[in-house]
Amino acid sequence: MEEILEQVPSHCIKVVLYGPESTGKTTLSRKLATHYQAPWVPEYARDYLQQKWDREQLICDWEDMLPIARGQMKLENEAAQKEDRLLICDTDLLETMVYSQAYYDQQVDPLIEKYAVENRYDLYLLTYIDVPWEPDDLRDRPGRREEMFRYFEQALIRYDKPYCLLQGNVEERMTEAAAAIDRLLKK
């Protein structure tokens, strides 16, 4: 079961959008994938949890964390096997781990934690909370955005992950993100 959460070997540059809910990750990741004509790995948790909400009017439980992590890595690994240049990921296991810790009193499945730390990305694009909150069925912490942002940034620092902070409107974030990705592509 461990290998399910491990990244498959790949030569492509992996960029992950990362940060609290309702900070524009999906919008920006799609725009970046289109701009670079690169594969886009969507956030598995969004569809998984929306289906759960539609069926049961329930949001995420502790028992959902491992299936979410498995689904995310399945999507990423399938895309990475077909790509050798650039892969844009809407999220990763480090994000799953941070949510688990924030929502479940610092608890995280040991497998998620192991691969959240071991899996490698060339760049994390950390999205700041300076965009308007957009409510939906799944988002539930509009009053705790600053706290959640700190959780996310602290994890990047703790695990020495390469990151770039994105602030401002979509165009400003796109310009900053593209400049950071261009630097990686030139190496």
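This dialogue reads one helix and one sheet.

Q: What kind of model is this, and how are residues numbered?
A: This is a predicted model: local features need pLDDT of at least 70, side-chain atom pairs count only at pLDDT 80 or more, and totals for chains, interfaces and linings use all residues. Residues are numbered from 1 along each chain as its sequence is written, and side-chain values use heavy atoms, with hydrogens and water left out.

Q: What span should helix 7 have?
A: Helices (H or I, at least four residues) and strands (E, at least two) are DSSP runs, numbered from the N terminus. The expected span is 1.5 Å times one less than the number of residues. Helix 7 (residues 170–186) has 17 residues, so 24 Å is expected. Its end C-alpha atoms are 24 Å apart, which agrees.

Q: Which residues of helix 7 are buried?
A: An α-helix has 3.6 residues a turn, so residues three or four places apart point the same way. Buried means under 20% relative accessible area, exposed over 50%, partly exposed in between (1.4 Å probe, protein chains only). In helix 7, the buried residues are Arg 173, Met 174, Ala 177, Ala 178, Ala 180, Ile 181 and Leu 184. They fall within an arc of 165 degrees (from directions, helix axis to C-beta atoms), so they line one face of the helix. Glu 171, Thr 175 and Lys 186, on the other side, are exposed.

Q: How are the strands ordered in the sheet?
A: Strands of a sheet pair through backbone hydrogen bonds, either parallel or antiparallel. Two strands pair if DSSP finds at least two bridges between them. Here 5 strands form an open sheet, ordered 2-3-1-4-5, with parallel pairing. Strand 2 (40–41) and strand 5 are the edge strands, each pairing on one side only.
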